[in-house]
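Reader: I'd like to go through a model feature by feature. Could you give me the general idea each time, and then the case at hand?

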Amino acid sequence: MDTYRAAARAAQRPVSLPAPPPGVRPVWGTLGAAIDHRLRYAFTCQQAIDGAVREGVMSAAAWSASMRRPDVAEAILATGRDLERELRSLLNQERPDDRNQPILLAATTEERLVRLCVAMVWFEEVHRSGVLYPGSPIVQLAAELTLPTLLAQVPDYVVDDLTAQVRLAEDALRELRIDTKAENCYSGPTFAGSPAVGGADADLIAGRLLLDFKALKDPVRLRPAAAYQLAGYALLDFEDLYGLERVGFYLTRAGQLVTWELGEFAGLLGAQAPVPELRAELSSRLASKGPDAEV
């Protein structure tokens, strides 16, 4: 998108990148998903753990049971329960969505939270990929899996990288955070049309803004598909439940927020009708195609 690239270039600044040990390749996908979870908590803690994480725990346990490792399956289920319990306890005690305190928590608390976010992603990856990879810490720990042993598997460079991105968000998301309340922010929101496309869930709704987190190494190089996906989420809100007025991307490694009015954004993507009409048309087309259609 030309308008996005122009905005990204105009505000271009140094990008925060991970610094793994020599010979270690950054786990880009895990890092991106983990910062997504962490920054959601800065806006709302109403949902302690994502449904995809729970599904990942169940899938990993089922896979282990199918491999005739009931001991591993039980360890996975116990670790999943402990992960959710620990998250609820930390969120209730520290309230990272409290607008009266900084996004970046005290050092020991921040480290604990980002390690928990990475652990969530390891389970979430099982659900989204449908595969429990041999290299996963979940597999490597096997019957020795517990929440403490799993959190200990999070590399220090990952903790440092996520913490640096949270620190960037302190200034970049300050105004948005101040202008919203926890009760009108939604983590991992789904929409009326989500079941028709396989249960699509977005990153965050903050007030009237639908926000997608992008941990891009080069903020200018946003894939066009990301813009269409963001528009698709907004149009799936057939009943206008969230009253969305704006959409945007937050570039977590650049500390940069880029937003548009919803109608303007749709127009930039080639739409020639108002948003309500686009939603009605999408609803009609999905109804004719049945479940699991593509937006």
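Reader: Let's begin with enclosed space. Which residues line the largest cavity?

Author: The general idea comes first: rolling a probe the size of a water molecule over the atoms shows where empty space is left. Keep in mind that this is a predicted model. Here the lining of the largest cavity is made up of His37, Arg40, Tyr41, Gln47, Ala48, Ile49, Asp50 and Ser187. Its volume is about 50 Å³, and the count of cavities of 30 Å³ or more comes to one.

Reader: Which element gives the most to the lining of the largest cavity, and how do its residues divide into nonpolar, polar and charged?

Author: That would be H2, with three residues. As for character, the lining of the largest cavity divides into three nonpolar, three polar and two charged residues.

Reader: Now for open space. How much space lies in the largest pocket, in Å³?

Author: The largest pocket holds about 900 Å³. Its lining has 29 residues, and those closest to the centre are Gly32, Ala33, Asp36, Phe213 and Lys214. Helix H2 (28–41), helix H5 (107–129), strand S3 (209–214) and helix H10 (224–235) are the elements that each give two or more residues to that lining.

Reader: Which element has the largest share of the lining of the largest pocket, and how many of the residues there are charged?

Author: H2 again, this time with eight residues. Charged residues number 13 in the lining of the largest pocket, beside 12 nonpolar and four polar ones.

Reader: On to aromatic rings. How many aromatic pairs does a search of the whole structure find?

Author: A pair of aromatic rings is described by the distance of the centres and the angle of the planes. The search turns up six aromatic pairs in this structure. One of them joins tyrosine 186 and tyrosine 242: the centres are 5.1 Å apart and the planes meet at 65°, which makes the pair edge-to-face.

Reader: Where do tyrosine 186 and tyrosine 242 lie?

Author: Tyrosine 186 is in strand S1 (residues 185–187), while tyrosine 242 is in the loop between H10 and strand S4 (246–251), so their pair ties together parts 56 residues apart in sequence. Tyrosine 186 is partly exposed at 33% relative accessible area, whereas tyrosine 242 is buried at 15%. Both also belong to one aromatic cluster, formed by Tyr186, Phe191, Tyr233 and Tyr242.

Reader: And charges over rings: what sits over the ring of tryptophan 28?

Author: Look for the charged end of lysine 217, which is 4.6 Å from the centre of that ring.

Reader: Next, the cysteines. How many disulfides does the structure hold?

Author: Zero. To read this, check the sulfur atoms against the 2.5 Å cut-off for a disulfide. From the sulfur of cysteine 45, the closest cysteine sulfur is 10 Å away, in cysteine 117, and that is too far for a bond.

Reader: Are cysteine 45 and cysteine 117 buried or exposed?

Author: Cysteine 45 counts as buried at 10% relative accessibility. Cysteine 117 is buried as well, with a relative accessible area of 0%.

Reader: What about the backbone: what is phi of arginine 95?

Author: Most residues other than glycine have a negative phi, and most peptide bonds are trans. Arginine 95, though, has a positive phi, near 45°. You'll find arginine 95 in the loop between helix H4 (70–94) and H5, partly exposed with a relative accessible area of 32%. Aspartate 240 is another non-glycine residue with a positive phi, about 55°. Aspartate 240 lies in the loop between H10 and S4 and is partly exposed, at 38% relative accessible area.

Reader: One last thing, separation in sequence and in space. How far apart in space are glutamate 55 and glutamate 175?

Author: Their C-alpha atoms are 34 Å apart, with the two positions 120 residues apart in sequence terms. Glutamate 55 is found in helix H3 (residues 51–66) and is partly exposed, with a relative accessible area of 43%. For another case, take alanine 78 and alanine 61: they are 17 residues apart in sequence and 9.9 Å apart in space, C-alpha to C-alpha. Alanine 78 is in helix H4 and counts as partly exposed at 24% relative accessibility.

Technical notes: Residues numbered from 1 in each chain as written. Predicted model: local features only at pLDDT ≥ 70, side-chain atom pairs only at ≥ 80, totals over all residues. Heavy atoms only, no water. Buried < 20%, exposed > 50% of the residue type's maximum accessible area, 1.4 Å probe, protein only. 1 Å grid on protein atoms, 1.4 Å probe; cavity = no way out; pocket = protein on both sides within 12 Å on 5 of 7 lines; lining within 4 Å. Points joined across faces, edges and corners; volume = space filled by probe spheres on them. Helix = DSSP H or I, 4+ residues; strand = E, 2+ residues; numbered from the N terminus. Nonpolar A, V, L, I, M, F, W, Y, C, P; charged D, E, K, R; others polar. Phe/Tyr/Trp six-rings, centres within 6.5 Å; stacked < 30°, edge-to-face > 60°. Lys NZ or Arg CZ within 6 Å of the ring centre and 35° of its normal.
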